[in-house]
Amino acid sequence: MTIHISQPDDKPAFISFDELASHLAEQSHPSEIHGYLCGLFSAGAHPGLEKWLEQLAEQMGDQSIDEPARQLLSQLFLHTQDELNSGSLAATLLLPDDDEALGLRTQSLGIWCQSFISGFGQGLDSRQVSEMVEEVLRDFAEISLIETAEESEESEKLYVEVSEFVRLAWLNVYAEVCGLPELPDDDGSAGQRSIKQGATKTLH
């Protein structure tokens, strides 16, 4: 899924999965970076850009991040922060574009979920969360285990449904933990449980 470059309205620019992947080479997976960052933010953590970049370098095995990659990662950090602070329901997961192989997209979704759990745990420390949040984390743990699906119309539909479930669940967790209003009922969240149950059974 491509994240569009911002218009000249002082909003932070965003980047595509492919652009970030090309600059990071083998250092890290774009969905892993974004999932972990979203987990941190959703737990109410505010590490600051420079501190986060330092943490990221440590997670990469203390590998140096060149300047072009730092610029892209800074855009990713600031844009994600801006989307969440604005309460935008259009916030997106950093996943491969829809024209990429389903196997790659499925794998990336699983990586995003696992990394979100890690970032959330790191940011939350020892604070307690609601049953709803705990349930979402359990769902993400299940989804992180999804395997590469065969290319088919049904598998494509299930991938879309599960990725949308993950997106909305992420936004709901952020809203609850950070004290924002819940998502409106008409955003499709009422159907998340049935979507997740039906899709993960098939994709596991």
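Which backbone oxygen does the side chain of S31 reach? In this predicted model, the side chain of S31 reaches the backbone oxygen of L94, at 2.7 Å. The residue belongs to helix α2. Its relative accessibility is 0%, and S31 therefore counts as buried, the cut-off for that class being under 20%. Leaving aside residues up to four places away in sequence, S31 touches F17, L94, L95, S108, I111 and W112. L94 thus appears both as the polar partner of the S31 side chain and among the residues that S31 touches.

One of those contacts, F17, leads to helix α1. There, F17, L20, A21 and L24 meet P30, S31 and I33 of α2. The axes of α1 and α2 come within 9 Å and cross at roughly 110 degrees. That angle makes α1 roughly perpendicular to α2, since the class covers 65 to 115 degrees.

Helix α2 also packs against α4. Two packed helices are described by the angle between their axes and the distance between the axes. For α2 and α4 the angle is about 40 degrees, and the axes lie 11 Å apart. The two helices are therefore oblique to each other, because angles under 35 degrees would count as roughly parallel. Their crossing is right-handed. On the α2 side the contact is made by I33, H34, L37, C38 and F41, and on the α4 side by L73, L76, F77, T80, Q81 and L84. I33 of α2 takes part in this contact and also in the meeting with α1.

Helix α4 itself runs over residues 67–85 and has 19 residues. From its first C-alpha to its last it reaches 27 Å, close to the 27 Å expected at 1.5 Å a residue. At its N-terminal end, D66 acts as a cap, with a side-chain oxygen 2.9 Å from the backbone nitrogen of A69. Just after the helix, G87 takes a positive phi of about 70 degrees.

Which residues of α4 are buried? They are A69, L72, L73, S74, L76, F77, H79, T80, E83 and L84. The list thus includes A69, whose backbone nitrogen faces the capping oxygen of D66 at 2.9 Å. L73, L76, F77, T80 and L84 are among the buried residues and also contribute to the contact with α2. The buried residues of α4 pack against α1 (17–24), α2 (30–42), α3 (49–59) and α7 (153–177). Both α1 and α2 are therefore partners of the buried residues of α4, while F17, L20, A21 and L24 of α1 meet residues of α2.

How values were computed: Residues are numbered from 1 along each chain as its sequence is written. This is a predicted model: local features need pLDDT of at least 70, side-chain atom pairs count only at pLDDT 80 or more; totals for chains, interfaces and linings use all residues. Side-chain values use heavy atoms; hydrogens and water are left out. Helices (H or I, at least four residues) and strands (E, at least two) are DSSP runs, numbered from the N terminus. The expected span of a helix is 1.5 Å times one less than its number of residues. Buried means under 20% relative accessible area, exposed over 50%, partly exposed in between (1.4 Å probe, protein chains only). Contact means heavy atoms within 4.5 Å. A polar contact is a pair of N or O atoms within 3.5 Å; within protein, one must be able to donate a hydrogen and the other to accept it, and residues adjacent in sequence count only if both atoms are side-chain atoms. Axes are lines fitted to C-alpha atoms, for helices over the stretch in contact, and angles run from 0 to 180 degrees between N-to-C directions. Angles under 35 degrees count as roughly parallel, over 145 as roughly antiparallel, 65 to 115 as roughly perpendicular and the rest as oblique. A crossing is left-handed if the near helix is turned anticlockwise from the far one by less than a right angle, and right-handed if clockwise.
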